[in-house]
Amino acid sequence: MGLKEIILEKNVSLEEAKKLLEENSSSEKLQLRNCTKLTYDDIVSLIELINPELTALSINSCKYFNDELLDKIVDHCTRLSCVTFNGNFKDITNVGIGNLTKKCHELKSLSVLSCESDDADDNDGEWTIDDGLLSAIIDTREISLEHFGLSGFNNITSDGLRKFIKHISGSLISLDLSELPAITDKLLHDIAKLCPKLTSINFGYCNLKDKEIESFCSKCTLLQSIDLCGCNELTDKSVFSLSKHCHSLKIIKLGWCLKITEKSLEALSTNCLHLEHIDIRHCSVKHIPYDFVKLSFLKELLVEGCTGLKCPSLEVTMKGVSATKQFLEDSNLHCMCRLAFIGDEGSGKSSLSLCVVSSSLAVADSSTEGVNVSRWRPFSGKEDEAVDKDTLGMPVNDECKDLTIEVWDCGGRKCIQGLHPLFFTDQTLYVLTFDINNPMEIKNMPNWLFLVQTKTPGCPLIVVGTHADGSSTDFSEISKQVLNTLKNAEEEHYLEVRAELDVLKTTGKREDSFICARIQKLEQLLNCRPRLPDKVLYVSSIKGKGISEVQNEIFRHLLDPSLFPHLTEKININLTYLYSEVLRLRQEKIVVIPWDQYLKLASESGITDPEEVQSATAVLECRGCITVFRIPARTQDLGPTRTVCVNPSVLLDCLACMHNETEPREFVPRFIKAGFLERFWPTNTKPNDWTLRSAIDDIVSKGLIREAVIPLCFQAMHLEEEEMLKILAFCRNIGVLVEGAPKGSYEVELVLAYYKNLSVFKRYFLPLQNKLPADTKTPEVWPSGVPEGHIQVGWRFKFPDEVSSNCSTLIIAACRNYKMSSDIYCYCQRCLVLKVGDVMVKISRDGSYLDMIGRCKILHGSKQALNMTWFILAQFFYVTDTLLLNYSGLSPEIMVPLYGCSRPKHKSLFELVKDYNVQPSHLANYRWFLPPGGLDAEEHTQIPSDTSTWLATIAKKSTLFISYQSDHQDEVKLLRVSLEHSGFNCVGEWTLVGQGQELTEKRRQSIMGSSLLLAFVTPDYLKWSRAQQDINLALENHKPVIALLFDKTSWPVDNELETKLKSHAICLDFDAGFGEALSHQYDQAQLTKLVTQCNGILYGTGDIHPPEPPVSPDNTFHIQNESNLRILHRQSSPTNHKEDTRKTSLINHEKSKELEKRAEILSFSKPHIADIVEPEESEETQVQRMAASAVAAAVAGATAQHISKADNSPEAVKAAAAAAEVAQAVVDGNSDAAAKAVVKVAKIVEEISKNQSHSKHMSNGSVSTPPRSSTCNIL
C-alpha cells in the first residue's frame, strides 16, 4: 500500500524523487519542500510520474518554479482541489495563478503565502502579487473557494480585498489574511458582514484593535479557529469577546500578544470548553487558571517565552497538558481540606480509609509505619474515587465538584504518637477509630482526644468502631461507654483550665498586660473545646457494613460552613503563586527550608508585607500545605527562629521511620528484596546481613541510631545528602534525636556512597523509642536535699493532663541539644541532669509536671550564684517556651516554689509577675522566684506580656562577643570551647554570614546584643581597623571590655587602640600557654581568672538576702514559730556560736582578699583603678550619696541599740562607737568613711550572731537560702 502523501524534501535527488513517485503512483497529495537539488528540467521530467488524479499540491520555497512550470503541472493534474504556495516565488505572477484557478474547476482551497526562504540566495528578489491576482480569480466565475489565504503582500489594497471577498463569500468558511497592511477596521467589519459562516480566520501580525475584534466576533459566532499572533495592540478585552460569542472555539493562537494576561485564560476556560489548542507564547501570563482542568479536549498548550509564569512554573507547563492539569489539581487551595484517621495500632484505620475512599470492600495488607497520604476527589466523576450522591442524604452543589480531600492514615504505634500533633492542622476532620473487641482501646481514646487538642483545639471529631462484623450485635452499651469516657476526660481537662482562669480573674489586677495575656490565652482554650460526637458509628471493612454512613458523616461535617469555613473563602492569587513554589520544592525533593528562604519565596510571589506573610502562612498551615516549626535560636536573635516544612507528610514519615520497631530478621530481608541494597551501595562493596541487622537492632532494642543508618530507614524517600543533613539538624532542634549517645564501632561497610558526610560511628538517642534507662541513677547525682552552701531555684510547668505532658519528652531532649557544651550526669526516661558551668540543672517529668531546677554553690556571694543560676535556667525556660509554641492548644501553668512555708508550696508565676509589676517594696525577694532583668537587686524592670521575648532576652545575658584577628582563629576556637563549657554563650566571626555592608551590620548587631566583649589582643590585632571599630562600638554602648593579652612580643609604638584598652578595658595576661593553632593549650590559672572575671561582670558580686516568707493566713503561725525557735537555738548553743563565728570570720577574710584582687586591673602597664579618671559627680549625685550615708548611720545606731540589749556589752560598745563614726562621717560629708563604718558595724553583728543560718532544704524545686546574717534580719 502506497503513501497517502508524497513529500520531496530539501536534499532529495532526481533518482530518489523518481523512485518515490513510481512506488506511490496513486498518492493524491504532493509536497515539494525547498528542493534545492532539483532543477527546472528535473521537475519537468517528474511531471509525468505524478498521479493525474492529484488533489493536493503544496509548493514550499522551490525557487525554480515559474508560470510555465506551473501551467505544465496544472495541465497534467486537472483535479486539484487544494493548492498552496509558501515562500518567495518571484517568477510566479498573477497570470500564472489566475490560469491555475481557471483550469482547476474543482479547486476549493487556495493559499498564496509570501515568506522569506531559508536560502539566502533565494531572497534576492521580491514576489510581487497585487490586486491583479484577485481580479484574475474573480474572472473565474465558476470558482467556489471554501478557503482562501493571502499573506505578506504589501501591494494588496483594501478595496481589492473587499471586492474579492464579496465575490467568494457565499462558499467561504476559512480565511487567512495574515501580515496584510490592507486590513483595516472598516474591512474587518465588511468581512464579518459578508462571511458570517466563517469557522476559521487568521489575522496574524495585522494592526488590529480590541474594538475591531469585538465587532467581528459578535457576527462570526461559528468560529472554531482564530489566529491573532503578533497583534500587539490587542488586550484581554478581545479574548473576553471571543469567549463570550464563540463558544465552539477549538483553536486560538495569541502568541506574541504582549498585553494578553491570565485573565484571558480564565475567560476561555470558563466559556470555551471545546478548546483543543492554545498558543500563548511570549504573553504576559502569570498563572494557568484552575478551570483549565475542565478542558477535557485540550491537547496542546504552547507557553514558550512566558517567563513570568508562576503557577504552574514554566518548567512544569512545558511538560505538556497532562502535567499542567495534574499540577493544577494538586495546587487548588480553594477546595482543599484534610481527613485524618487516628487511633491505636491495629484499630483498623488503614482498611477503613481504603473503604471510604473507594466506596468498596478493602482490607489493608499491612499496618502503617508513619503516615500514608492519598488524595480523594469524591465528586470529580472518576470511577475509582466517585461517591454515590444518592446515598449521601444531602444535596451536593456544583461548587463541591472540585473538593479535594487529603486523606492521612496515621500510624498508631505508641512511639510515634508524640509526633503526630506536630503535623495536625486546624482545618482537619479527625476520624478516631477503635476496635470494639479491645476494651483497652476504648480506655485509650481520651489520649487521642488530648493529642488532637494539644495542636488543634476545637476540631470536629468522628468516632468509629471497627471490626463490627456481627450482623445483629447491639452496640448501644459500647456507644454509651465510649461517649462517657470522652466526655468525662474532656470535662476534667476543662475544669483544670477553668480553675486557673478563675484565680487570675479574681486577682483584681487584670489591667496588668502579663495577666491579661494569660487570661486571653486561657479563654481562647476554653472557647475551643473539642466538638465531641453525639453518636458512634460502626463498620466492617470485610463486609462493607457502615461505610456509607461514615461517608455521610464525613461530608456532613466537611460541607458545614460553620465547621470548615475555609472551603468557601476566596484565595488571593499571590498565595497561589506561593503555594506553587512550595510544590516546586516538593518536586525537587526538598523537605525543610529556613524561614529566610520562605520569606524570599513569598516576596517573589508578591507577598512582602509582614502581616500579609503571616496571613498567607496561616492559610497554608490551615490547609496542611506547610508546617511552620518554632525553633530555639542559638544566636542572639530575640525569640524563636522558624523552620518551614514544605512537605509535612514526607517529614512525618521520615521521623516515624527512624523509630523503627521491625525486628532486624524481618527488616533486612525486606530491605534487600526491595532493591535498596543496590541503591545505597551501587558498587560491589556491600554490607553483609549481620552488619545491617546489628545496626537495626540498635534502634529496636537500645533506642540508639547511627547517623549513617538513618537514610536506610527512609528507604523509598531518596533524599539528597544536603536535605538529609537539614532534616538531622531539625530533629536535633526539636528533640527527636539527642546528641551524646555512646559511639558505635566503626563499620566501614556502612559508609554510604551518596551520604559520605554522615558518620558511621556517631549515634543518637531516640527518646520516643522509650529505651532510655530507668531513673535509678538520679539520686546519686542529684541528692534530695540541697547541699550546704548552695542555692536552688526553679520553675514547674503544670500540664492539664499527662498525655499533653508527653511533649516534655521532646523538650527535655531539645534542652540537652541546646547546651551541647554541658556535661551530662544523668539522662534517663524521665530525667536529665547536666552541669552548665558552675550550675547543676535537673529537668524531670513526674506525671503531668515538668520541673526545671538549678543549683549553684555559693563561691563569690549569693548574688552571683543566684544570677548565674537564673541566667542558665532562663535558657532552658526559653527552649521550653519556644517548643510549646508548636502546640497551639497547649499552655501549661508555670508554678514557682516558695520559701518560708511549713511544707512545699508553689505559686503561679503569673500571680508573682502581677505582684512584681506593681513595684513592690521588697524587690530582692523576687530574685528568688523570677529571672532577673538586671544585676541590680533593687532595679525594677517591668515584665512584658510576651513571655518568649522576656525569656529570650534573659537567656542572652551570658553572651560574649569575641573580637579577634583571623590569623588566630584556631586559638580562639579552643578558647570558645572552654568558655562555653563554663556556661557562657560565645559569638563572633564564625556566627556571621554575609558580605560587605550586610556583614558589617550583622557584626554591629552581634556586638550590641552581647553583654561583654572579649578582645583577643595580638600585635596584628592592634593594627587591625576592624578591632578599633569593635572596641569603639562596645565602649560607646557601655559594654564591658576584657582585653586578653595573648601575644606581647612586638607591640606597635603609640598605638591608639592600645591606649584606649589601657584606660577603658580590663586587661588580663593570656600568654602563659604553649603550642600553636589547634595544638595550643591555655594556662589553666589564666583561664580560671578569665572565667572568674566574666562571672563577676555578668552576674555581679555580693549577697542578696533570702526571700521573706509569704504573708498569708496559712503560714503566719509558722513564721512566728520559726522566730521563737531561732531565739531558743541562739540561747542554747554557745559552742556552735564560737565555731560559726570563726567560720564567718574566715569567710569574710577570704571575701576581702577576693575583693582586693578584683580591684586590680591588669593591663600592659597594669595601672591601678585610681589611675582611671572618673567623671565628676553632679551636685544631685553627691546629695544622694550623702543621704544614703545618713540612712546607713541610722541603721548603725539601730544596730547598736539592738546589741546593747544582749549580754555582750563590749561588742555593744564597739557597735556604738562605730555608729558614732558613721554619724561623724555624715556630718563631715565623707560618704566613703560612712560606708566603711557601716561595714564595721556589720562585722561586729556577725561576731555576736548566735544563729548562723544554714541552707534550708526544700523539695520539688524550692529554694535553699545562703547563710543569713543578723544584719539582714534588722534590715
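Student: In β18, which residue is the bridge partner of G465?

Tutor: This is a predicted model, where local features need pLDDT of at least 70, side-chain atom pairs count only at pLDDT 80 or more, and totals for chains, interfaces and linings use all residues. Numbering starts from 1 along each chain as its sequence is written, and side-chain values use heavy atoms, leaving out hydrogens and water. Strand β17 (residues 461–466) pairs with β18 in the parallel sense over 2 bridges, where pairing requires at least two DSSP bridges between the strands. In β18, the bridge partner of G465 is Y538.

Student: What angle does the direction of helix α17 make with that of β17?

Tutor: Helix α17 (residues 547–558) packs on the sheet and touches β13, β14, β15, β16, β17 and β18, contact being heavy atoms within 4.5 Å. Axes are lines fitted to C-alpha atoms, for helices over the stretch in contact, and angles between N-to-C directions run from 0 to 180 degrees. With β17, the direction of α17 makes about 170 degrees.

Student: Which are the edge strands of the sheet that contains β17?

Tutor: Helices (H or I, at least four residues) and strands (E, at least two) are DSSP runs, numbered from the N terminus. The open sheet has 6 strands in the order β14-β15-β13-β16-β17-β18, with mixed pairing. The strands that pair on one side only are β14 (371–376) and β18 (537–538).

Student: What is the average twist from one strand to the next in the open sheet of 7 strands?

Tutor: The strand order is β25-β26-β27-β28-β24-β29-β30, with antiparallel pairing. Its edge strands are β25 (823–827) and β30 (905–908). From one strand to the next, the twist averages 20 degrees.

Student: Which residue in β29 stands opposite R796?

Tutor: Strand β24 (residues 790–798) and strand β29 (residues 893–898) run antiparallel and are joined by 3 bridges. Opposite R796 in β29 stands M895.

Student: Which residue of β21 stands opposite F629?

Tutor: Strand β21 (residues 641–645) is joined to β19 (residues 592–594) by 3 antiparallel bridges, and V644 in β21 is the bridge partner of I593. Strand β20 (residues 627–631) and β21 run antiparallel, joined by 5 bridges. In β21, the residue opposite F629 is T643.

Student: Is V751 buried, partly exposed or exposed?

Tutor: V751 lies in the loop between α26 (721–734) and β23 (763–765). Buried means under 20% relative accessible area and exposed over 50%, with partly exposed in between (1.4 Å probe, protein chains only). Because its relative accessible area is 32%, V751 is partly exposed.
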